Amino acid sequence: MKTTGRVNGIISNIVIVKADGAVGQNEICYVHTGDTKMMAEVIKVVGDAAYVQVFDSTRGLKIGDRVEFEGHMLEATLAPGLLSRNYDGLQNDLEKMDGLFIARGSMTEPVDFGAQWEFEPLAKAGDKVSAASWLGQVKEQWLTHKIMVPFTMTDTYTVKSVAQAGTYKITDTIAVVTDAEGRDHDITMVQKWPVKQAVRCYAEKPRPARVMETGVRAIDTFNPMAEGGTGFIPGPFGAGKTVLQHAISKQADADVIIMVACGERANEVVEIFKEFPELVDPRTGHKLMERTIIICNTSNMPVAAREASVYTGMTIGEYYRAMGLKVLVMADSTSRWAQALREMSNRLEELPGQDAFPMDLSAIISNFYSRAGLVKLNNGETGSVTFLGTVSPAGGNLKEPVTESTKKAARCFYALSQGRADSKRYPAIDPLESYSKYLEYPEIAEYLDDHIGKGWVEKVYAGKTIVQRGKEANDQINILGDDGVPVEYHERFWKSELIDFVILQQDAFDDIDANCPIERQQMMYETVLNICRKEFSFADFEECSQFFKGLINLFRQMNYAQWQSEKFNDYRKQIEQYVLAKTE
Amino acid sequence: MTTRAFQKIYTKIDNITKATVTLRASGVGNDELATVGGKLAQVVKIMGENVTLQVFAGTEGIATDSEVIFHGEPPKLKVSDNLAGRFFNAYGEPLEGGEAVEGEAREIGGPTVNPFKRIQPSELIATGIAGIDLNNTIVTGQKIPFFADPDQPYNAVMANVALRAKADKIILGGMGLTNDDFLYFKSVFENAGALDRIVSFVNTTENPPVERLLVPDMALTAAEYFAVDKGEKVLVLLTDMTLYADALAIVSNRMDQIPSKDSMPGSLYSDLAKIYEKAVQLPNGGSITIIAVTTLSGGDITHAIPDNTGYITEGQLFLRNDSDTGKVIVDPFRSLSRLKQLVIGKKTREDHPQVMNACVRLYADAANAKTKLENGFDLSDYDERTLKFAHDYSEKLLAIDVNIDITAMLDTAWTLFAEYFSREEVAIKEELIKKYWKA
């Protein structure tokens with residue numbers, strides 16, 4: 001018997017329900033009004049009163065309206081056919097919805113239950129299996145989608161039978177497993193998992209030891225992201241957070257990309273809807289959309305579902321990770337998620353923490369970030385979820401609760417600076433403020449030695465020092481005037497400008513410059529670094545600035561040229577001669 | 001509102017605050033309208049039998065025995081083609097008399113357009129102002145505010161933009177508009193012979209502030225009628241959103257909500273987003289473009305209102321008084337149109353993106369040179385040239401009184417480049433230099 005209840009209070013999207021039976025924290029219920037039913041989640045229980053947040057507008061709801069409790073938490077449906085879909089925060093397929101407007105209470109199936117999949121068994125009768133063990137596989141787009149023992153089955157089981165290779169629907173039984181007490185369990189290709197809980201069906205979670213390429217020089221060269229790592233991008237509005245995230249989503253070296261548009265602009269999501277089905281992933285030759293899942297809860301969609309959207313995205317990420325795949329989950333923006341938490345906490349009249357955010361904000365954020373990571377699966381394979389979130393700090397001030405809490409949880413920090421954005425130095429990643437903790441990992445250093453070049457990390461630090469010294473020199477020049485400082489100060493400054501213009505700045509709207517493969521990054525960076533290590537002797541600061549301006553111009557043309565093309569090599573030669581003429 | 005048969009009338013109010021009343025009632029729906037002592041009110045909270053209503057015009061004069069009549073429905077607007085050319089108050093009632101508009105009654109603040117059904121905006125809106133068209137091109141379906149100090153001529157600029165934009169309908173949502181400004185809009189539209197394209201919902205400073213909360217939803221419900229049902233290009237002007245947010249703060253304060261930054265309600269972001277996200281490019285060719293005004297205090301954009309707005313809108317336009325030329329310009333540094341990438345160099349000439357960036361970069365160099373000058377340092381030859389360029393750029397392109405088309409703007413920029421700089425200093429892709437450099 002399901003617990004039912006009646007509406008007894010309404011404050012915006014918080015509804016107080018008088019329940020006639022047991023109610024669980026975070027349990028899902030449906031609130032009926034007229035002919036529509038709206039999904040809601042229990043967030044507090046006081047006596048027989050359940051406080052539920054409705055994932056929809058409560059307009060017209062009345063005291064006494066019926067509520068049905070479902071007996072389970074908010075769940076994601078996990079099955080073949082998730083890729084390329086566009087979901088709302090509660091995993092309703094937006095594409096399947098009728099009408100221009102999203103009608104209240106609209107619910108659509110997250111996957112196609114009628115679709116046929118070409119199943120291939122991997123396990124055989126007698127195998128010992130546990131949650132997330134691979135039983136078989138199907139081809140989803142071009143990825144191998146493993147069919148696993150559902151994550152909720154926590155015991156160990158013996159496989160009784162596995163279906164033969166052939167075509168099946170996701171609801172068909174593809175395996176039967178027997179538990180220790182001899183009970184049989186039918187397994188299908190579809191399973192459900194409560195989104196707010198981490199999937200922990202793996203052997204261990206080692207430290208990340210590989211770098212995830214993004215094609216963005218300011219990240220890959222200066223502050224690399226690890227596969228299975230975490231990072232965040234805080235920045236004031238207009239600093240280019242979204243452009244940067246889109247660039248990463250297009251270029252990242254990942255098998256599956258999950259983009260959570262959380263409380264952001266609808267037109268930005270439309271851009272993905274329009275571009276991704278057309279753009280080709282250079283690594284695989286397939287369309288970007290084929291490896292992408294979009295969870296879209298734009299800023300005007302119900303606030304409570306916004307909170308759910310990041311969890312839905314992460315859960316789907318963990319599902320693909322358990323198949324041994326590289327998953328990148330991105331959320332834009334986690335501040336909107338935190339604000340959803342704030343709105344709820346406010347309506348529940350909880351005592352507020354800093355800036356009226358809930359007291360446990362920091363714990364919620366770090367708990368969420370900790371779900372990312374590289375994992376060793378029970379069968380020895382590895383899979384990873386890399387998480388990258390943006391933060392929209394109020395007033396661009398990085399000393400606000402969401403930024404500070406995230407800084408404690410994430411290992412990479414890509415601070416976007418207003419100053420750089422104002423002078424159109426994009427991506428506006430501040431080279432001095434930003435950091436990647438992964439540069440300090442010996443495993444990562446070793447990986448970079450092997451994959452880019454021996455002593456790469458030292459080179460990165462050398463570049464950072466040049467930028468730092470350049471900034472100091474510039475401060476001096478600004479205080480004392482061009483003539484008030486030795487010419488070497490100008491040289492120091494211009495060397496940092498060279499790194500800035502050639503390596504850090506990148507044109508996200510240019511077809512060639514937008515995506516810089518690591519091989520090209522290495523070549524460019526080493527060329528620039530070698531020039532920076534040379535001692536020039538300029539007669540005066542005018543000569544110095546003229547020289548570097550000319551040099552920067554040549555390098556920029558080179559950045560716009562096709563890798564290793566005739567034009568590219570031509571600029572390269574020009575640069576060599578240009579520098580040689582000055583050093584001889 | 002006339003009473004209908006069998007409508008229950010309540011005459012016992014338990015609590016009265018400045019903006020809300022609470023009484024015991026049953027069968028009341030959330031968000032429903034009611035009349036309290038002859039004033040319009042809306043249900044904002046229901047706890048068991050206790051219903052709290054927000055009285056738009058304030059509770060002055062309401063007594064514990066005032067009549068409360070529930071309407072059984074949320075606020076609605078009657079939509080039809082007859083809205084065009086009319087001026088309404090915040091409740092959608094005609095101003096200056098005139099007959100009420102008949103038509104289908106639609107709930108205001110209705111549901112969201114499914115993001116998947118949206119079309120990517122790609123149609124440029126030409127305004128003739130280079131600070132907008134050249135540097136921060138606006139497209140249909142965009143939402144963008146002017147960030148301006150109260151003394152700047154934002155309403156005049158907005159009226160100009162609206163008239164030049166070639167929209168099928170212009171919908172003015174005035175919140176806390178001074179009567180003078182209201183009359184200004186009216187006369188500008190009248191003089192341009194555009195009155196039949198205009199629909200206005202106006203709450204002036206003479207009206208109670210809480211009424212303002214209805215204005216954007218009214219304006220956008222009308223906009224959705226013309227855009228969705230009629231496939232028209234609709235431009236919505238919202239001025240001034242800061243006063244709207246202030247009204248939100250008043251209500252949340254009266255309801256004992258815990259304020260967040262700058263005494264604003266914690267839900268400010270969502271509240272503003274619900275309005276701005278109504279901007280849309282529809283598959284039927286219709287569109288809603290929102291141009292709003294957010295007044296700043298002393299140019300402070302870190303205040304919660306402009307800050308939240310900036311995260312919602314697709315860019316912002318800053319007005320600035322340029323002391324060099326004595327003109328009001330659209331600030332090239334702080335202004336931004338996020339959707340310009342969809343049209344520049346595609347719907348406009350190929351050199352547009354690079355010319356735009358080069359101009360701004362050189363203008364930034366001029367700003368540095370100016371700082372040097374102010375600090376008493378000598379200027380290099382390059383510095384001198386950037387200053388001259390900045391003056392001309394400001395006067396011939398950035399000033400809001402310039403009215404030329406985009407190709408002419410690009411040509412002007414190339415003329416200025418050639419006048420003051422060498423090709424290397426301009427640093428534009430070589431192919432473009434070859435094609436457009438004015439020797």
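This report walks through a predicted model of chains A and B, from their interface to a few local backbone details.

## Where the chains meet

Let's start with the contact between the two chains. On one side there are 61 residues of chain A, and they are in contact with 59 residues of chain B. Several elements of chain A each give at least two residues to its side of the interface: β1 (4–11), α3 (266–275), α5 (334–347) and α13 (541–560). Sorted by class, that side of chain A has 23 nonpolar, 21 polar and 17 charged residues.

β1(A) also pairs across the chain boundary. Its partner is β5 of chain B (residues 39–47), and the two run antiparallel, joined by three bridges. If you want a spot to click on, take Ile11(A), whose bridge partner in β5(B) is Lys45(B).

## A four-stranded sheet in chain A

Within chain A, four strands make an open, antiparallel sheet in the order β10-β13-β15-β16. β10 (128–130) and β16 (184–187) are the edge strands, each pairing on one side only. On average, neighbouring strands here are turned by 45° against each other, ignoring direction.

Further in, β13 (residues 156–162) and β15 (residues 175–178) of chain A are held in antiparallel register by four bridges. Ser161(A) sits opposite Val176(A) of β15(A).

## Two cis peptides

Each chain has a cis peptide bond worth a look. In chain A, one joins Asp332(A) and Ser333(A), with omega about 5°. Ser333(A) belongs to the loop between β23 (326–332) and α5 of chain A.

In chain B, the bond from Thr239(B) to Asp240(B) is cis, and its omega is near 10°. Asp240(B) is in the loop between β16 (233–239) and α5 (241–254) of chain B.

## Positive phi in two loops

Ser84(A) isn't a glycine, yet its phi is positive, near 70°. You'll find Ser84(A) in the loop between β7 (75–78) and β8 (86–87) of chain A. Ser84(A) counts as partly exposed because it has 18 C-beta neighbours inside 10 Å, between the limits of 12 and 20.

Gln91(A), another non-glycine residue, also has a positive phi near 70°. This one is in the loop between β8 and β9 (116–121) of chain A. Gln91(A) is buried, because 27 other C-beta atoms lie within 10 Å.

## A buried aspartate in chain B

Asp351(B) is in the loop between β21 (336–337) and α8 (352–374) of chain B. With 22 C-beta neighbours inside 10 Å, Asp351(B) counts as buried. Leaving out residues up to four places away in sequence, Asp351(B) touches Leu410(B), Leu432(B) and Tyr436(B). Asp351(B) and Leu410(B) are 59 residues apart along the chain, but their C-alpha atoms are separated by 7.9 Å.

Notes. Residues numbered from 1 in each chain as written. Chains lettered and ligands numbered in written order. Predicted model: local features only at pLDDT ≥ 70, side-chain atom pairs only at ≥ 80, totals over all residues. Contact = placed C-beta atoms within 7 Å. Nonpolar A, V, L, I, M, F, W, Y, C, P; charged D, E, K, R; others polar. Pairing = 2+ DSSP bridges. Axes fitted to C-alpha atoms, helices over the stretch in contact; angles between N-to-C directions.
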